[in-house]
Amino acid sequence: MIEARSKISSKGQVVIPFEIRSLLNIEEGDDAKFIMSDNGDLKLDIVKRNAILDLYGSLKPEKSDLRDFSEIREQSQKMKLDDYLRKGEE
């Protein structure tokens with residue numbers, strides 16, 4: 001068992017001690033989830049950030065590239081068929 005202490009700031013912030021952060025591989029951007037049971041026990045879960053989901057919405061497609069999904073699917077199917085036919089000719 002590891003025991004570590006940390007002071008609570010005037011803003012209610014708590015620094016997780018280095019030893020604990022190291023053992024749990026806690027990094028900047030991870031979330032701390034506090035769970036309090038009915039009997040008053042407090043549990044802290046660390047929720048690792050999901051880098052892929054963090055990027056959602058950060059890139060905007062160019063307006064000229066906005067196409068209907070059915071158009072994209074048809075183009076993809078045509079490209080696959082063309083590749084298949086080309087391989088058959090070899």
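**Exercise 1. Find the residue in β2 that stands opposite M36, then work out how β1 and β2 are paired.**

Step 1: look across from M36, and you land on L42 in β2. Strands here are DSSP runs of E with at least two residues, helices are runs of H or I with at least four, and both are numbered from the N terminus.

Step 2: count the links. β1 and β2 run antiparallel and are joined by 6 bridges; two strands pair if DSSP finds at least two bridges between them.

Step 3: check the connection. The two strands make a hairpin with 5 residues between them, and G40 in the turn has a positive phi of about 95°.

A word on the ground rules: this is a predicted model, with local features needing pLDDT of at least 70 and side-chain atom pairs counting only at pLDDT 80 or more, while totals for chains, interfaces and linings use all residues. Residues are numbered from 1 along each chain as its sequence is written, and side-chain values use heavy atoms, leaving out hydrogens and water.

**Exercise 2. Place the hairpin in the whole chain.**

Step 1: tally the elements, and you get 3 helices and 2 strands.

Step 2: read from the N terminus, which gives α-β-β-α-α.

Step 3: look at burial. Of the 90 residues in the protein chain, 3% are buried (under 20% relative accessible area; exposed is over 50%, partly exposed in between, with a 1.4 Å probe and protein chains only).

Step 4: turn to contacts (heavy atoms within 4.5 Å). Among those with a separation of 6 or more, 4% link residues 24 or more positions apart.

**Exercise 3. Which residue other than glycine has a positive phi, and where does it sit?**

Step 1: recall the usual case. Most residues other than glycine have a negative phi.

Step 2: pick out N25, with a phi near 55°.

Step 3: locate N25 in the loop between α1 (18–24) and β1.

Step 4: classify N25. Its relative accessibility is 46%, so N25 is partly exposed.

**Exercise 4. Describe the lining of the largest pocket.**

Step 1: define it. A pocket is an open set of points on a 1 Å grid over the protein atoms alone where a 1.4 Å probe fits, with protein on both sides within 12 Å along at least five of seven lines; lining residues have an atom within 4 Å of a point.

Step 2: list the residues. There are 14 in the lining, and V14, I16, A32, F34 and L44 are the closest to the pocket's centre.

Step 3: assign elements. β1 (31–36) and β2 (42–47) each supply at least two lining residues, and β2 gives the most, with 4.
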